[in-house]
Amino acid sequence: MTITTEKTAESLIIHVEGRLDASTAGDFEKEMFPLAQESEQNILIDFGKLDYISSAGLRSVLVIAKEQKRKGSALALCCLNQTIMEVFRISGFDTIISIFPTVDEGLNYLKSN
Amino acid sequence: MKEKTISIVNQIEQIEELARVLETLSDEWSLPTDLMLSMNLVLEELISNIIFYGYEDKSEHKIIIRFLLEGGIFQMQIEDDAVEFNPLQAAEPDIDEPIEKRKIGGLGIHFVRKLTDKVIYERTDNKNILTLTKSIM
């Protein structure tokens, strides 16, 4: 699991590659939480290269979502593949986190928030 | 009828091994990709529960997983010597709660229920045996 960050004028884009499972989700949270804490920007997590997510991965995303909310910043996800979208749907996470098909749509949403 | 049995230990890093085994199995048995991925998720959720909550000691324990493909039905059976735990009795999570109230507990079992056709739990000889089936359409 690797994370690369990209800064735009309004938002921070986090590109995640690989798997977010019980053995990698801890690392994701360890890297992402300080980024969320220290940034005043809205965050877009790009899951375009994410192959797999389990409840451990959802937990780590929720931690980031809660931190953003606490700071009054927004969070959006984009580019989820079909299987990952299904996981978000079954868990009901698609109703509590804003999800978009593309980076641009995600960024546009964050711009208006 | 195709069959494969593996044995892992109660360390969370073994989650990667589960993914590898399922990928190989998926090739060898020509399983659809979405089945492989959903079974990976089911297995990970159950196995990580066992590893995190199943043991009262710090020792190494074996967890045995049997895979079976017969008559268009894919079956996984997990056998462990952890404390008695029937995942079917776990409460359903509330998937309508807003962000502030959302917890993660219970999600794993929720996925298991949603992604399999049948789940059977047995407790025999101090072992938990969980059998899950999913038909391949």
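Contact here means heavy atoms within 4.5 Å. On that basis S11(A), leaving out residues up to four places away in sequence, touches E6(A), Q41(A), N42(A), L107(A) and L110(A). The structure under discussion is a predicted model.

## Two serines within chain A

S11(A) belongs to strand β2 of chain A, which spans residues 11–20. Its relative accessible area is 1%. Because the limit for a buried residue is under 20%, S11(A) counts as buried.

A second serine, S60(A), is located in helix α2 of chain A. S60(A) is likewise buried, with a relative accessible area of 1%. Once neighbours within four places in sequence are set aside, the contacts of S60(A) are A25(A), F28(A) and E29(A). S60(A) and L20(A) stand 40 residues apart along the chain, and their C-alpha atoms are separated by 8.7 Å.

## The interface of chain A and chain B

The interface brings 24 residues of chain A into contact with 24 residues of chain B. About 2,000 Å² of area is buried between the two chains, and carbon and sulfur atoms give 65% of this area. On the side of chain A, the residues that lose the most area to chain B are Y52(A), I90(A) and I96(A), which together account for 26% of what that side buries.

The count of salt bridges between chain A and chain B is zero. Polar contacts are present, however: eight residue pairs across the interface meet the rule, with both residues at pLDDT 80 or more. Three elements of chain A, namely β3 (42–53), α2 (55–71) and α3 (82–91), each supply at least two residues of the side that touches chain B. The largest share of that side comes from α2(A), with eight residues. By residue class, the side of chain A that touches chain B divides into 11 nonpolar, seven polar and six charged residues.

## S91(A) and E92(B)

S91(A) has its place in helix α3 of chain A. Its relative accessible area is 0%, and S91(A) is therefore classed as buried. The side chain of S91(A) reaches the backbone oxygen of F88(A) at 3.1 Å. Apart from neighbours within four places in sequence, S91(A) is in contact with L58(A) of its own chain and with I95(B), R102(B), L107(B), H110(B) and F111(B) of chain B.

H110(B) also appears among the contacts of E92(B), which touches H110(B) and R113(B) when residues up to four places away in sequence are not counted. E92(B) lies in the loop of chain B between β3 (73–80) and α3 (107–115). With a relative accessible area of 43%, E92(B) is partly exposed. The C-alpha atoms of E92(B) and Y121(B) are separated by 17 Å, and these residues are 29 residues apart along the chain.

## Aromatic pairs

A search of the whole structure yields six aromatic pairs over all chains. One of these is the pair of F100(A) and Y109(A), which is tilted, with 4.9 Å from centre to centre and 35 degrees between the planes. Y109(A) is partly exposed, with a relative accessible area of 24%. In addition, ring pairs link F47(A), F88(A) and F93(A) into a cluster. F88(A), a member of this cluster, is also the residue whose backbone oxygen is reached by the side chain of S91(A).

## Positive phi outside glycine

Two residues that are not glycine have a positive phi, and both are found in loops. The table sets out their values.

| Residue | Phi | Loop | Relative accessible area |
|---|---|---|---|
| C79(A) | about 65 degrees | between β4 (75–78) and α3 of chain A | 19% |
| D125(B) | about 50 degrees | between β4 (118–124) and β5 (127–135) of chain B | 69% |

Why do C79(A) and D125(B) fall into opposite classes, one buried and the other exposed? A residue is buried under 20% relative accessible area and exposed over 50%. At 19%, C79(A) therefore counts as buried, whereas D125(B), at 69%, counts as exposed.

Definitions and conventions
Residues are numbered from 1 along each chain as its sequence is written. Chains are lettered from A and ligands numbered from 1 in the order in which they are written. This is a predicted model: local features need pLDDT of at least 70, side-chain atom pairs count only at pLDDT 80 or more; totals for chains, interfaces and linings use all residues. Side-chain values use heavy atoms; hydrogens and water are left out. Helices (H or I, at least four residues) and strands (E, at least two) are DSSP runs, numbered from the N terminus. Buried means under 20% relative accessible area, exposed over 50%, partly exposed in between (1.4 Å probe, protein chains only). Buried area is the accessible area (1.4 Å probe) that two parts lose on being put together, summed over both. A salt bridge is a side-chain nitrogen of Lys or Arg within 4 Å of a carboxyl oxygen of Asp or Glu. A polar contact is a pair of N or O atoms within 3.5 Å; within protein, one must be able to donate a hydrogen and the other to accept it, and residues adjacent in sequence count only if both atoms are side-chain atoms. Ala, Val, Leu, Ile, Met, Phe, Trp, Tyr, Cys and Pro count as nonpolar, Asp, Glu, Lys and Arg as charged, and the others, Gly among them, as polar. Rings of Phe, Tyr and Trp (its six-membered ring) pair if their centres lie within 6.5 Å; planes under 30 degrees apart count as stacked, over 60 as edge-to-face and the rest as tilted.
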